[in-house]
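This report describes selected features of the structure shown below. It proceeds from helix packing to ion sites and charged pairs.

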Amino acid sequence: MGIEILTVVLLLCILVFFALGAQVGLALGGIAMAVGYMTWGDGIFNVIPTTLEATYFSFILLAIPLYIYMGQLLTKSGIGDAMFNFSQMIIGRVRGSLAISVIGVCSMIGAMVGIIGAGIMTSGSIALRPMLERGYNKRLALGVIMAGGGLGILIPPSIPMIMFAASTQNSVGRMFLGAMVPALLTVVLMILYVVISCKLNPDRAPRDIDNKDIVKLEGRAKFKIARDGLFSILLIVAVLGSIISGIATPTESGAIGVVGALILAIMFKRFKLDMFLHSGFQTATLVSVAMWIIFGASVFSNFHLLMGVQSMVAGFTASLDLPPIMIIIMFQLIMLLLGFIIDEFIIVLMCAPLFTPIAVSLGYDPIWFGVLMIINILIAVQTPPYGFALFYLKGIAPAGIGMSEIYRSVTPFILLNLTVLILCMLFPDIVLWLPNLVMN
Amino acid sequence: MFEKILKTICCTIDWVVRQAGLLASFIMPLLAFVVAFEVFSRYVLSSPTIWAFDLSLFMFGYLAALGGAYAQQKRAHINVDILYLKVSHKTRCVFNLVSFSLAIFFLVIIVMMSYGKYEEAIEFDYRRQSEWAPPMFHFWIMMMIAGGLFIAQLARDMMAELFFILTSKVLIEETQ
Amino acid sequence: ADLSAAEHNWRFSNLYGRGTAFGEVYESLAKNIETKSEGRIKVQVLYSGEGVGTSGLLGAVKSGLVTMGAPFQSMHAGELPAGVVEIGLPGGTDDPAELQALFHDKGWDKVLTKAYGSQGLVWLEPYIQPPVYILTKQEIKSAEDFKGLKIRAPGAYGKFLRNLGASPVSLSWSEIYTSLATGVIDGSIGSNMIDHRDGNHVEVAKYMYKLPLAGAQVLPVIVNRSAWKKLPEELQAVVQEATEQHAADQLRLSKKWESEAVAEMEAKGLLWSPEPSDVDRKAWAAAGAGLWDEYAAQDKYSKELIDILRNSK
Ligand code: NA
Ligand code: NA
């Protein structure tokens, strides 16, 4: 079987088993092993131990449990809610203000974590419930979490950016700076979208003052919320500070956040054994879910790579004979298509060294091209059927929210990402202005 | 009588899997503590440990793998449910039988390969590459247990689905 | 490519990324095997992360998932300890002629053939890559300055730095850059100068120390035993010959690339810490010598290698 046919067979199998409602990770692994057995023989089973070790002994992925745990502790102790209650006390009269606070918090989380999973699941743990409880439209709430969590790879530090820079021998610093303005642009567009869509459909984002169920707070209660809210914001600032000041790596600072959340909970007498056990339980489940997906998907992509999918992409790339800007657009399309069956790390691993030299030889700036690639994979992980961000979001969403609901909630935000991608493509200075200013 | 035996088997599996889930959840605070201790030891005491790195990775692996079966019990694993939610309960049972079979096939391979790696790890005294060099064999034992529990949970779920297809009765009411 | 056309279809994994200069040397080893075998062996090259992670390479060749591999032995210290001695313990030589003698006349080849053979692997002609250097944020004026520095250095290199009074730190490769930038660590080793360049670490840490941790790194090319046995003798000879050619290419090119990488980093602001004094050199040698006994005690093949090394001094 040629690699082209194999790829089609794998894609069909994915569609069939996804339609049957199979668990994503186990289905991907099972499909790879079944198809692998038929094309390769039982030798392919040996991909399992090496993939197991590579997945579970990844210090980068360790950010997932640590940050989710921090998020769960903050939520279950009520400190996380206090943060949003506090922000509502100040800007609650603006319609959609809670979503805007959430975007702000997500941006800060994005500045702590460098991978999609940690970004979405941490943001979701902390910020989803406050929005749903206040009667926010489910789709708006989920979309904001997805887009906000995705900022994890767009705002430095970002693991895919480091991978891109290393595999194309470019400056990590320039890459980080290059993504800053596009990230800011994304945040601004997100806020604009929230404000405008809430203006048009006021029922999507009810205000506290219009809600009779929410009791007006007085004196002591107000003080308590302000105090807890301020401290939880301080905790997030402290975690960020521990990264910037060199106390801990981004991964490790998740643990600092955990300790900080525990201290706050004890200080404010919100610590209960039940809350503590429940947070651990919830985190363990979320982490297992995420890791079994990552493991199954890695088995799948490792099999696909061993069969030579990268040669197929390389061959196709070499045969492109188009005007320069068309080639760049073609590259974006290829990556978006690969996003149907391949995860973000593999896309960078495979496409960065293949595409970047060509882009450079056509006269384009590699940093610009790299930032396009990062925005592109940000879109790829949010597009069905195979989109890690979608899976993570479903993992964190309350029971009863189906995948079609998730697809619909992320669509407007994917369009925002696409807008940023196109703007950066048309106006390279959005990317290049800041690094040129700072580093030249 | 037969139904009672089935129920007993299911409840036993549920109980064992829940214990594994509990164990996984107890690892979480310890894991956070180990990583935080490394930061403390390096930054405050200026003496990084040689064990925190590998220990935290082992704990992460245990936590993530062992929780898998319990997540299945809770139906927490992610699926694309666009068609799945639209079909009848019986059709859904059939869907589950198909996808759980594929999952069990995958998990059986994991258990088999982990056993092979366990034997190798014992024969050659495989360790992590770090200075601390902790042994690897227990990781493979854990993977066998994690895979085995996952298989047991899926088999139990398949039994319940089959029971429903044949009798139109729910074997065990979901507790939560 | 039609995989079924050849008699033997091999997969060859290495540690370098697609499109890198080293990646191309492995690519030409593959091409060489194909040409010299007149197409009877077809070799598909897999780059870093393509199907097998860097730490899984030894296991993958052992199990036959990939047929041939060019692993980095420090990654496999826990699986095949002798590989760490093979790569070169701190304090080892960098003279290619001396290494050639050690490997081919004094008997390291026989010990390593046994060591790899015990795990179902065939050990072919090893090759020399440039040595490991330490990059630090602060200038190192004397070896004393290493005291208390947090330096990212795995395994044997970590032990060596501990002997010098530094504090070795374990970090994943992709966190080195940010950790140097923010000051989580004060320095980091790289697998060679090219690795330092690719990681852009010089943007956030400027000072390179002049003494390498080991003179040169010797890395093996290994083949899965059952795949090897399937080859008729004339094809085994072809593969062996191609790896010898590869070793010569590596020696010639890696020197060139190392100096290119250094030049590029110097252009970006790399500075050298001052020339080490005699006292520093002694401290350096002492830190390395302390490790020999430790490694000899750990593993029987390591002991045989170290005994030969001692006798040849
Ligand atoms: Na980030
Ligand atoms: Na996708």
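## Helix packing between chains A and B

At what angle do the axes of helix α13 of chain A and helix α3 of chain B cross, and within what distance do they come? In this predicted model, the axes of α13(A), residues 273-306, and α3(B), residues 89-124, cross at roughly 85 degrees and come within 13 Å. Because angles of 65 to 115 degrees count as roughly perpendicular, α13(A) is roughly perpendicular to α3(B).

Side chains from both helices take part in the contact. From α13(A), Trp292(A), Phe295(A) and Val299(A) meet Phe106(B), Leu107(B) and Ile110(B) of α3(B).

## Annotated transmembrane regions of chain B

An unreviewed UniProt entry assigns the annotation "transmembrane region" to residues 21-44, 50-72, 93-116 and 136-155 of chain B. In the model, residues 93-116 of chain B are 100% helix and 0% strand, and the C-alpha atoms at the two ends are 34 Å apart. Residues 21-44 of chain B are 96% helix and 0% strand, with 35 Å between the end C-alpha atoms.

## Sodium ion sites in chain A

Which residues coordinate the sodium ion designated ligand 1? Gly110(A), Val113(A), Gly152(A), Ile155(A) and Pro157(A) each contribute an O atom, at 2.2 to 2.4 Å. The sequence spacing of these donor residues is G-x2-V-x38-G-x2-I-x1-P. Among them, Gly152(A) and Ile155(A) are buried.

The sodium ion designated ligand 2 is coordinated at 2.4 to 2.9 Å by the O atoms of Gly339(A), Ala380(A), Thr383(A) and Tyr386(A), together with OG1 of Thr383(A). Thr383(A) therefore appears through both its O and its OG1 atoms, and its donor site follows the spacing G-x40-A-x2-T-x2-Y. Thr383(A) counts as buried because its relative accessibility is 16%; Tyr386(A), at 2%, also counts as buried.

## Salt bridges

The structure holds 35 salt bridges over all chains. One of them joins Arg129(A) and Asp81(A), whose closest N and O atoms are 2.6 Å apart. Arg129(A) lies in helix α7 (residues 116-133) and Asp81(A) in helix α5 (residues 79-91) of chain A, so this pair ties together parts 48 residues apart in sequence. Arg129(A) is partly exposed, with a relative accessible area of 34%, whereas Asp81(A) is buried at 14%.

In chain B, Glu3(B) forms a salt bridge with Lys169(B), with 3.3 Å between the closest N and O atoms. This pair links distant parts of the chain, 166 residues apart: Glu3(B) is in helix α1 (residues 2-43), and Lys169(B) is in the segment after α4 (137-167). Glu3(B) counts as partly exposed at 26% relative accessibility, and Lys169(B) is partly exposed with a relative accessible area of 43%.

## A salt-bridge network in chain B

Which residues are linked with Arg156(B) and Asp157(B) in a network of salt bridges? The network also includes Asp14(B), Arg75(B) and Glu161(B). Within it, Asp157(B) and Arg156(B) form a salt bridge in which the closest N and O atoms are 3.0 Å apart. Asp157(B) counts as buried at 3% relative accessibility, and Arg156(B) is buried with a relative accessible area of 10%.

Technical notes:
Residues are numbered from 1 along each chain as its sequence is written. Chains are lettered from A and ligands numbered from 1 in the order in which they are written. This is a predicted model: local features need pLDDT of at least 70, side-chain atom pairs count only at pLDDT 80 or more; totals for chains, interfaces and linings use all residues. Side-chain values use heavy atoms; hydrogens and water are left out. UniProt positions are given in the numbering used here, feature names are shortened, and annotations may be inferred rather than shown by experiment. Helices (H or I, at least four residues) and strands (E, at least two) are DSSP runs, numbered from the N terminus. A salt bridge is a side-chain nitrogen of Lys or Arg within 4 Å of a carboxyl oxygen of Asp or Glu. Buried means under 20% relative accessible area, exposed over 50%, partly exposed in between (1.4 Å probe, protein chains only). Donors are N, O and S atoms within 2.8 Å of the metal (3.2 Å for Na, K and Ca); water is not among the atoms, so sites may look incomplete. Axes are lines fitted to C-alpha atoms, for helices over the stretch in contact, and angles run from 0 to 180 degrees between N-to-C directions. Angles under 35 degrees count as roughly parallel, over 145 as roughly antiparallel, 65 to 115 as roughly perpendicular and the rest as oblique. Contact means heavy atoms within 4.5 Å.
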